[in-house]
Amino acid sequence: MTTPGWWAMALCEAVNDKTPLAVAFAGEELVLFRNAEGQAFALEDRCPHRRVPLALGRVVAAGLQCGYHGWTFDGASGRCTQIPNLRTNEPVPPRYAARAFPVSEGNGFVHVWLGEGVPDIDLPTDDYRPVGQQFTGSTIVNMSHEQYLAAMLDGPECLLNFAHVRMTDFFLGDVRKEHGRLVLERGAVWTTQILPSNFVVDYPLIVRTEVPVQGGSIRVDLLSEDETPLISLAIASGANRRGTTSLCWRGFVHAEVPAKAPLRWRTARVWHKAPFTVNSLIDGSAVAALLEAPSRDLHAARPPRLIPVSAVV
Ligand code: FES
């Protein structure tokens with residue numbers, strides 16, 4: 001089950017017109033691909049003929065061709081348009097169709113609409129505007145999607161790291177809702193190699209986490225104390241099989257360099273070292289120790305209606 005909405009499922013550049021991409025989301029198996037003009041499509045990853053995954057097929061001019069008997073499906077409608085062994089002029093029965101999902105792109109991700117009927121919610125705000133080099137990646141973590149979103153509010157330091165920065169659990173204000181996400185800021189400090197900065201009274205950095213309520217991607221920003229953005233990161237997350245969560249992300253370093261930034265942080269910029277890490281292995285002890293506080297607002301902010309994805313038209 002999932003909350004109806006536009007859910008980010010893959011990096012835009014991971015979806016192409018050569019190789020179909022299989023993704024799993026909230027119990028649903030999907031296949032993503034593009035046509036030669038670059039338009040992205042999403043179909044249920046199951047051939048209506050003999051249930052073979054369509055991701056094992058190939059992209060052709062008319063759509064996606066199943067690898068088993070060669071039926072071809074139109075990306076937009078899911079309709080079967082070609083069956084190799086039909087007689088000339090013999091029509092393809094309309095019931096031979098794969099389920100098609102609305103697709104839209106924004107923030108560098110391919111979003112798929114999971115909900116009833118036509119989309120009645122706008123695509124989440126296009127607020128990711130990278131400059132310079134981007135750092136991208138993907139993984140699957142051994143944690144449920146719900147728990148991942150909750151931990152992103154309660155303790156993002158369990159899920160990701162900014163190089164040479166330590167996030168604290170000191171909240172700078174209350175959770176608020178903006179652009180379909182719950183937003184929370186916490187203080188952060190530069191790490192020191194001399195003294196562990198476990199007790200600090202001053203927060204020269206801010207980590208802002210934004211967790212989607214109804215579709216979209218997670219957003220995390222590292223800001224200076226005057227809220228100048230230093231690093232921005234967008235993470236697409238989705239429920240994979242057996243209680244795991246698929247992640248893919250993209251992030252970049254802004255042009256500004258804070259006056260008090262340590263030399264090693266500046267040096268890492270010059271050498272284009274990754275400014276953040278999204279954890280593939282998550283410390284269960286650390287997550288279990290998190291206080292369940294801001295994430296309570298996430299549950300409250302959700303619309304009451306949850307639908308099984310299998311009921312999606
Ligand atoms: S299983 Fe796909 S065409 Fe037969």
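**View 1. Strand 4 and where its side chains point.** In this predicted model, Ala40, Ala42 and Glu44 head off one way from strand 4, while Phe41 and Leu43 go the other way. The usual reason for such a pattern is that side chains in a regular strand alternate between the two faces of the sheet. Whichever way they point, all of these residues are buried. Here buried means under 20% relative accessible area. With five of the five residues in 40-44 buried, strand 4 is largely enclosed by the rest of the structure.

**View 2. Strand 3 meets strand 4.** Strand 3 covers residues 28-34 and runs antiparallel to strand 4, with five bridges joining the two. Look for Leu30 here: Glu44 of strand 4 stands opposite. The two strands make a hairpin, and five residues sit between them. In that turn you'll find Gly38, with a positive phi of about 95°.

**View 3. Strand 9 pairs with strand 4.** Strand 9 is just residues 100-101, and two bridges hook it up to strand 4 in the antiparallel sense. Ala100 is the bridge partner of Leu43, and Phe101 plays that role for Ala42.

**View 4. Zooming out to the sheet.** Put the pieces together and you get an open sheet of four strands, ordered 2-3-4-9, with antiparallel pairing. Which strands stand at the edges? Those are strand 2 (21-25) and strand 9; each has a single partner strand, so one side of each is left without a neighbour in the sheet.

Notes
Residues are numbered from 1 along each chain as its sequence is written. This is a predicted model: local features need pLDDT of at least 70, side-chain atom pairs count only at pLDDT 80 or more; totals for chains, interfaces and linings use all residues. Side-chain values use heavy atoms; hydrogens and water are left out. Buried means under 20% relative accessible area, exposed over 50%, partly exposed in between (1.4 Å probe, protein chains only). Two strands pair if DSSP finds at least two bridges between them.
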